Amino acid sequence: MFIVFDGLDGSGKGEMIKRLEKYLVGNGFNVLVTREPTDGEYGKQIRSILKEEKDPKKGAERCLSLFVKDRQEHLDEEINPFLEETGAIVICDRYYYSTLAFQHTQGVDIEKVVFQNMNFRTPDIVFILDLPAETAIARVDKRGAGKEKFEELEFMKELRKNFLNLGDVLDDNIKVIDASKSKDKVFEQIKKEIDDVLGF
Ligand code: TYD
């Protein structure tokens, strides 16, 4: 099974992924937690752009090309081989939903972004953790790690809309989760959906 979490920076993906991993390992599954951008060659280039480049709308095409190359490598080298093992579940923090939302918000046509991502493996289930951009940015500020390229309020408002529109653009099994609630409540919604998929 291939599970993806996506959404705004500050939406709480990290905490939910930790909880889900614990739950699935506890039920005997063989779990790989991974993320994009990766720590590979393209992922490293992306991270340096994210730190150094402050204008969120700049460098859209370059970002698109790097995220797509990073994803291909991630699938070929990590995700696909792991999914061949018995009882394997991959939980991926961000995937092509981020490219559709972020690089489209940066200004690339949605059709072009979809076209470049359409041959990638489709996840079994995708959680889009949704919350107001103001709440997300306040959480990012609280971390005190400084702001990255895309962590700017107006950009994040547009981004949220684009994440919520993904259901109209794709046929994927997308579950939009209200991530403004308490951690326990958010996880409860996720666990319910996972139990459905697993037949628990
Ligand atoms: P993030 O999950 O914030 O990584 P980290 O915790 O290591 O900073 O991802 C980095 C940023 O890259 C984030 O703002 C989302 C953005 N992004 C895209 O613009 N397109 C993509 O395809 C992906 C995967 C991420």
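I started with the charges: 31 positive and 39 negative ones in the protein chain, and their mean positions come out 6 Å apart. Note to self that this is a predicted model.

Next, the fold. I count nine helices and five strands in the protein chain. Reading from the N terminus, I get the order β-α-β-α-α-β-α-α-β-α-α-α-β-α, so I have a strand at the start and a helix at the end.

Then overall dimensions. The C-alpha atoms fit a box of roughly 45 × 35 × 30 Å along the principal axes. I checked the radius of gyration too: the protein chain has 16 Å, which agrees with a compact globule, because 200 residues packed that way would give a value near 16 Å.

Surface and burial. I get about 10,000 Å² exposed on the protein chain, with 48% of that area coming from carbon and sulfur atoms. Of the 200 residues, 48% are buried.

How far along the sequence do the contacts reach? I took those between residues at least 6 apart, and 80% of them join residues at least 24 apart.

Now the inside. The largest nonpolar core holds 62 residues, and I3, F5, I91, Y97, F127, F163 and I190 have the most contacts inside it. Which helix gives the most to this core? I find helix α3, residues 60–83, with 10 residues.

Last, I picked F163, one of those core residues with the most contacts. Leaving out residues up to four places away in sequence, I see F163 touching D6, G7 and L8, then R94, Y97, S98, A101 and F102, and also I128. Y97 turns up again here: F163 touches it, and Y97 is on that core list as well.

Technical notes:
Residues are numbered from 1 along each chain as its sequence is written. This is a predicted model: local features need pLDDT of at least 70, side-chain atom pairs count only at pLDDT 80 or more; totals for chains, interfaces and linings use all residues. Side-chain values use heavy atoms; hydrogens and water are left out. Helices (H or I, at least four residues) and strands (E, at least two) are DSSP runs, numbered from the N terminus. The radius of gyration is taken over C-alpha atoms; the globule rule is 2.2 Å times the number of residues to the power 0.38. Buried means under 20% relative accessible area, exposed over 50%, partly exposed in between (1.4 Å probe, protein chains only). Contact means heavy atoms within 4.5 Å. Accessible areas come from the Shrake-Rupley method with a 1.4 Å probe; for residues, only the protein chains shown count as cover. Lys and Arg count as positive and Asp and Glu as negative; His and the chain ends are not counted. The place of a charge is taken as NZ of Lys, CZ of Arg, CG of Asp or CD of Glu. A nonpolar core is a set of buried Ala, Val, Leu, Ile, Met, Phe, Trp, Tyr and Cys residues joined through side-chain atoms within 4.5 Å.
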